[in-house]
Amino acid sequence: MQIFFHDFRYALRQLRKNPGFACTAVLILGLGIGATTAIFSAVNPILFEPLPYPHGSRIMMIWYAGGDGSRIPQTFHTNRELVERNHSFEAIAVMKPWEPALTGADHPERIDGQKVSASYFRTLGVAPALGRDFRPSDDVLHGPRVVILSDRSWRAYFGADSAIVGRDIKLDDDNYTVIGVMPSAFDDVLAPSAEIWSPLQYDPGDIVSQQTREWGHHLRMVGRVRPDISVVQARSDLDLIARSRVPEFPRPAWASLDRGLIVNRLQDDIVSGVKPALLAVLGAVILVLLIACVNVTNLLLARGAQRQGEFAMRAALGAARPRLIRQLLTESLLLAFLGGAFGMFVAQFGIRALVALSPPGLPRVDAIRLDGTVFAFALGITAVVGLVLGLIPARHAAGGDLHVGVQKNSVRTASGQQWTRRSLVVAEVAIALVLLVSAGLLLRSLQRLFVIDPGFDASQVLTMQVQESGHRFNDDGARARFFTQVLEAVRQIPGVASAAFTSQLPLSGDFESFGVQFQSDPNDNSEAGFRYAVSPGYFEAMHIPLRRGRLLDEHDVPDSPQAVLLSESFAKRKFPGQDPLGQRVRVGPDIGRADRPWATIVGVVGDVKQASLALSESDAFYTSTSQWSWVDNTQSLVIRAHGDAAALTPAIKNAVWSVDRDQPIVRVATMENVLATSEAERKFVLILFEAFGLVALVLAATGIYGVLSGSVTERMREIGVRVAVGATRGDILALIIRQGIMLTVFGVMIGLAGAMATSQALITLLFGVSRLDPVTYLGVIALLAGVSLIACGLPAWRAVQIDPASTLRGE
């Protein structure tokens, strides 16, 4: 131990004697370790940590299997059948979003919540911290209105009142009794923003009638497998149920289970969409850490070369080689831990930035923090980095010729080390190229995405979601009057060019489709399309072009024949070479009902991107809000302004509240922001790769400069002799620059192979760009060549300033 403290004190004195070297190394290591720690803090809870539930690996998501293998939400009656017939699950629950309005304050507040089966929390394995869980008697048709609060909503809205259990609160004009409060540590990974839960209260009785909400595909299903049953057995059990029908549970065609069920572990299910991106980012930050280590290793080699005389003298005085190696490892570990300490500050800021930049769909964002696991990870990589940093310099220092070392001037570097340092610079350039190519591919992909026509003009458009609530809106007539009056009030605001309501907003995350049945189809099949129930003026507000026929207008009222518009691609696919105008269809709940009249196609409009700019799903139909089977209680208001749309927000909110002050307004955003947010995941990954690529580029340039600078110092006598025998400044300049360019060339050759291999991990994030895109690769090579020339400049200038007389005299 005494020897260790002696080595430690000596290492500390060495760093104090070389503050420039110490600060540079600590800064580089701190950035590498801090960035890696920050990314690990995000990746760990999402991909690696088990779910925050008891035996979370036994919790499964159960989906209805679509024809293309897609995951489709379940129906309530399918849930009933699986609950009754399965032998593998100890609990199964279903859920759907719920956004009640909490009234009583100056302005109503919309709360994110869920309607759930009574078994929901039991399935997750979590019980309320205060009060009780839901009981089966709570989850019956017209059952008691009860809710369970999240710890966050309990504190935010009710001041953490311990007497909240048993109290009534007003939601959507109804009194609900609070029966419980969830623990502060509870994380609902199925609905991260949920703050309140209430029983589903669907009707289990009328299973024969197919035109009820209980047969709609809108419920997500989760189940907990029994301890004595494997996941494979559970899948087989559900598969057998899907293949064998029983009279007690009739199934309509759209819920036949003919294609079976998709059963995934909950953790795999929630991370499937973000896993490729997170793994790509994790790989990128590991490369940044690697290039930081390479850079600092080069610094240590240069410094070790200058200390060869010191090492040789200590060896001559009796210091054994293991003693020298231990001293150098102690110095590298001290550097690493100083870098790690600085890295923890970098990580703290990095974590805040990650949370702020995280895309809306990123799960478990609340779990991204600097906790014990992350700290242990940082400590571990710091120790590994310290050992790795010390090994190469220690091997060189202990393996040199001691007699040569005693004779050497401390300013001169050893030529044997130059080969190692050059190899490390080649590695830096290769890593930098891999990161820059990845960033370039993502940038080109995003550029391709945002030049795609979304089907509407997003400029000068403001959007917000208005959702009525309360018993005064129990009938469609009252709902229709409310939205009509709101629209009239909004249109009177100065600066509003046009305004309209729509049942779903493009690229906002809304995803609602209904069947369309064509009278001309001899097989009487129905096809799915996005359903837009819109008010007159919607197409003018969004600048969606009319291709044929007419738009929906104020004449399309309930008593007139129902008019329908089709999207352009839908019309072309269903009526190739024909005129779709005048063709007749049934849509939504009217399909298959002979007592309902056919609707008429009166127009064709341009395709609109609904789910994503990257997806080509564009089959859609439009109908007037007044001619749809019901009036949606949640609608998106779109306003086209003459000038700055965002500036109209306060006036538009006041116009809505002038009709009814108890109606909350949410999701306020310009359409340009909606468009940008729709590709937030790609932008998130791009920003990180750009940052990592920039750091790698700077470190690679620094490495080239360091090696050339050391080379010039080592070759001063040679350069002096060359100049003395007639070499021009141009010759010396070319000599040094050629050396730097050769390092870059070798690095680029290795990096190209690495980039071609690693870009495979980015395929799911690319759009319209090949992972071998030549423009990106050539651009990155040109960038690296330019930066390398700049890095060569200063050492080359030093070389041409060498005075041969002074140099030879010094020799």
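This report walks through the overall layout, helix packing, salt bridges and a surface patch of the structure above.

**The overall picture**

Please keep in mind that this is a predicted model. The protein has 811 residues, and 52% of them are buried. Its secondary structure consists of 23 helices and 24 strands. If you draw a box along the principal axes, the C-alpha atoms fill roughly 110 × 60 × 55 Å.

**Two helix pairs to look at**

A good place to start is the pair formed by α21 and α22. Helix α21 covers residues 729-758 and helix α22 covers residues 774-800; their axes lie 8 Å apart, and the two pack at an angle of about 150°. Angles over 145 degrees count as roughly antiparallel, and α21 and α22 are therefore roughly antiparallel to each other. Their crossing is right-handed.

Now turn to helix α14 (residues 476-491) and helix α17 (residues 649-659). The axes of these helices come within 9 Å and cross at roughly 140°. That angle makes α14 oblique to α17. The crossing of α14 and α17 is right-handed.

While you are at α14, have a look at V490, which lies in this helix. Is V490 buried or exposed? With a relative accessibility of 0%, V490 counts as buried. Along the chain, V490 and L637 are 147 residues apart, and their C-alpha atoms are separated by 9.6 Å.

M464 offers another buried position, this time in a strand. M464 is found in β14, which spans residues 461-467. Its relative accessibility is 1%, so M464 counts as buried, the cut-off being under 20%. M464 and N86 are 378 residues apart along the chain, and 44 Å separates their C-alpha atoms.

**Salt bridges**

Side chains of opposite charge can pair when their charged atoms come close. How many salt bridges does the model contain? The count comes to 31 salt bridges. Three of these pairs are set out below, with the distance between N and O atoms.

| Pair | N to O distance | Location |
|---|---|---|
| D172 and R110 | 3.8 Å | D172 in the loop between β9 and β10, R110 in strand β5 |
| D151 and R155 | 2.9 Å | helix α5 (residues 151-158) |
| R479 and D476 | 2.7 Å | helix α14 |

The pair in the top row links separate elements. D172 sits in the loop between β9 (168-171) and β10 (174-181), while R110 belongs to strand β5 (residues 109-110), so this salt bridge ties together parts that are 62 residues apart in sequence. Both D172 and R110 are buried.

The next pair sits within one helix. D151 and R155 are 4 residues apart in α5, so about one helical turn separates them. How do the two partners fare in terms of exposure? D151 has a relative accessible area of 14%, which means it is buried. R155, in contrast, is partly exposed because its relative accessible area is 47%.

The last row brings us back to α14, the helix that also holds V490. R479 and D476 both lie in α14, 3 residues apart, about one turn of the helix. Here R479 counts as buried, at 18% relative accessibility. D476, at 30% relative accessibility, counts as partly exposed.

Salt bridges can also join into a network. Which residues are linked in this way? They are E81, R85 and R251.

**A nonpolar patch on the surface**

Finally, let us move to the surface. Which residues make a nonpolar surface patch there? The patch is made by L27, L31, F342 and F345, and its area is about 380 Å². Helices α2 (19-48) and α10 (321-357) each supply at least two residues of this patch. One of the patch members, F342, is found in α10. F342 has a relative accessible area of 30% and is partly exposed.

**Where to point your viewer**

For a quick tour, you might begin with the roughly antiparallel helices α21 and α22, then go to α14, where R479 pairs with D476. From there, visit the buried pair D172 and R110, and end at the nonpolar patch with F342 and its partners L27, L31 and F345.

Key
Residues are numbered from 1 along each chain as its sequence is written. This is a predicted model: local features need pLDDT of at least 70, side-chain atom pairs count only at pLDDT 80 or more; totals for chains, interfaces and linings use all residues. Side-chain values use heavy atoms; hydrogens and water are left out. Patches are made of residues with over 30% relative accessible area and no salt bridge: like charges are joined within 9 Å, nonpolar side chains (Val, Leu, Ile, Met, Phe, Trp, Tyr) within 5 Å. Accessible areas come from the Shrake-Rupley method with a 1.4 Å probe; for residues, only the protein chains shown count as cover. A salt bridge is a side-chain nitrogen of Lys or Arg within 4 Å of a carboxyl oxygen of Asp or Glu. Buried means under 20% relative accessible area, exposed over 50%, partly exposed in between (1.4 Å probe, protein chains only). Axes are lines fitted to C-alpha atoms, for helices over the stretch in contact, and angles run from 0 to 180 degrees between N-to-C directions. Angles under 35 degrees count as roughly parallel, over 145 as roughly antiparallel, 65 to 115 as roughly perpendicular and the rest as oblique. A crossing is left-handed if the near helix is turned anticlockwise from the far one by less than a right angle, and right-handed if clockwise.
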